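Me: Please take one buried position in this structure and look at it closely. Then go on to the salt bridges, the strand pairing and the surface, and say where the model should be read with care.

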Amino acid sequence: MSFRLNLVVILLAVSPLRAQLATSGAEVAATGPSAGGNLMLTPAPISGEGYAMGFASETRANYLRGGLVFSSAYDDGVTVGGVGQPVSDASFSMWPTISLDQTRSRYHWALSYSPGFTFYQKTSSRNEADQNLALDSKFRLSPHVTLSLRDSFQKASNVLNQPNSDLSQPVSGAVFVPNDSVIAPVADMFRNTANATLTYQFAANRMIGASGTFTNLHYPNQAQVPGLYDSSSRGGSAFYNYRLSKMHYVGATYQYQMFLAYPTIGQSETQAHSIYLFYTLYLKPTFSISLFGGPQHSDTTQFGMPASRSWSPAGGASMGWQGSVTTLAASYSRAISDGGGLAGAVYANNATGALRRQLTRTLSASMGASYASNIILAALPMFNTGGHTISGNASVQRQIGEHLNLQLQYMRLHQSYSDIAVLSNAPNRNRESITISYQFARPLGR
């Protein structure tokens, strides 16, 4: 959802606000602080960024933006009471939003914050207060050295009911993307993702770089999610990027990752080493196609059992196009990833796609779809071996005057994890929502 898997992405009426914050990795590199004609782009497989779904005209910096979002939704899978049957309910939500987006000669940064409050008509015990905080920054330390820092924090109990939009990097072409494809119906959750990337262009057509990534998923009330568990990951990578021409980039990257899961009987740990070759074609700075592939070696230890080691192929493909009235992004990847709440690391096959179209000056539409298959590495008999998730969403949005937006959306979610009670009791989920938002924007430094 997103999507970021994006299966759960919600195109809420806060979309235009988020669109102006979301920027593709290629565009930031090409037009960011102190950009010059000889600066190289950072291809999607190594940038760690997603493809922006905002229209080109919506990507503007040096603004203070804020607003208030009201949403009403009907969901037929609000809660399953741990091992009970799903309950249908209507909800009413409100999210104040504020964001800062600033660009100067040597840096660019965007900060957004949105607390939220949701009230359920029948299951008032599920009433929630959410927090969403995100920082995306880029610093030009010297004419050829750039440091990128990104961090996001989310506190939620219903990930389908958030002010995020698929304009906020729904599809990623990176070699590693945190696994958010396992969706608990309604359960308290904390999620944190952080990334730091340093790049150095040491020659006209050559670049090296390194990055580090951290993710953490925590369920504070285990009784709400029987069969799902806390998990975390950390890792680092180094890469070499070579520009064959203005349109063609090739390179290689090495990646080390440690995936941890914390079932009730102990800990599962997987260490993975990967080597990828990649190729990216830039038809223009906002339209790219990428391929990557290579071998992975994993070493899994859990609950005092002997280590399990294996080699496996990994790879993927992605594309992103950000036009004036149409944006499109799609990706496929197969790689070892964190379990996203399952009992250990997984072989993950992920396919996602998102499309947004400006129909008239005041009317736009979007749709997205996602498929994810998760097979647990060295799964033990007492745990689920994996399953799959399929989702899709469609929405229409209308601008009313200068500050108001109205949006209608439908979402469908299907999950097949037979031995996980909290998911198997509610395998199918439908959600319809209507959202009204008020937004304002003020230029900075003018």
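Reply: Strands here are DSSP runs of E of at least two residues, and they are numbered from the N terminus. By that numbering, Ile336 belongs to strand E15, which covers residues 326-337. The model is predicted; its mean pLDDT is 86, with 88% of residues at 70 or more.

Ile336 counts as buried because its relative accessibility is 2%, and the cut-off for buried is under 20%. Beyond four places in sequence, Ile336 is in contact with Gln257, Phe259, Gln296, Ser298, Ser312, Val346, Tyr347 and Leu377. One of these partners, Tyr347, is 11 residues away along the chain, and its C-alpha atom is 4.6 Å from that of Ile336.

Two of the elements named below also include contact partners of Ile336. Gln257 and Phe259 are among the contacts, and strand E11 spans residues 248-262. Strand E11 runs antiparallel to E10, the two being joined by 14 bridges. Four residues separate E10 and E11, which form a hairpin. Within this pairing, Tyr242 has Val250 of E11 as its bridge partner. On strand E9 (residues 206-218), E10 (residues 230-243) pairs over 12 bridges, again in the antiparallel sense. There, Asn216 is bridged to Ser232 of E10.

Gln296 and Ser298 are also contacts of Ile336, and strand E13 holds residues 287-302. Asp299 of E13 makes a salt bridge with Arg309, at 3.1 Å from N to O. Arg309 lies in strand E14 (residues 308-322), so this pair ties together parts 10 residues apart in sequence. Asp299 is partly exposed at 22% relative accessibility, whereas Arg309 is exposed at 57%.

The model has five salt bridges in total. Salt bridges with shared partners join Glu49, Lys138 and Arg150 into one network. In this network, the side chains of Arg150 and Glu49 meet at 3.2 Å, N to O. Arg150 sits in strand E6 and Glu49 in the loop between helix H3 (44-47) and strand E1 (50-51), so the link ties parts that are 101 residues apart in sequence. Both ends are buried: Arg150 has a relative accessible area of 11%, and Glu49 has 6%.

Another salt bridge joins Arg429 and Asp75, whose closest N and O atoms are 2.8 Å apart. Arg429 is in strand E20 (residues 428-443) and Asp75 in strand E2 (residues 63-79), with their positions 354 residues apart in sequence. Arg429 is buried at 6% relative accessible area, and Asp75 is buried at 3%.

On the surface, Ile98, Leu111, Tyr113, Leu133, Leu135 and Phe153 form a nonpolar patch of about 460 Å² of accessible area together. Strands E4 (107-120) and E5 (128-142) each supply at least two of the patch residues. Phe153 comes from strand E6 (residues 145-156), the strand that also carries Arg150. Phe153 is partly exposed, with a relative accessible area of 33%.

Two stretches call for care. Over residues 1-36, pLDDT stays under 50, and the model has 178 contacts there beyond four places in sequence. Residues 165-169 also stay under 50, with 31 such contacts.

Notes. Residues numbered from 1 in each chain as written. Predicted model: local features only at pLDDT ≥ 70, side-chain atom pairs only at ≥ 80, totals over all residues. Heavy atoms only, no water. pLDDT = per-residue confidence, 0-100. Contact = heavy atoms within 4.5 Å. Pairing = 2+ DSSP bridges. Patch = residues over 30% accessible without salt bridge, like charges linked within 9 Å, V, L, I, M, F, W, Y side chains within 5 Å. Areas by Shrake-Rupley, 256 points an atom, 1.4 Å probe, with all protein chains shown as cover. Salt bridge = Lys/Arg side-chain N within 4 Å of Asp/Glu carboxyl O. Buried < 20%, exposed > 50% of the residue type's maximum accessible area, 1.4 Å probe, protein only.
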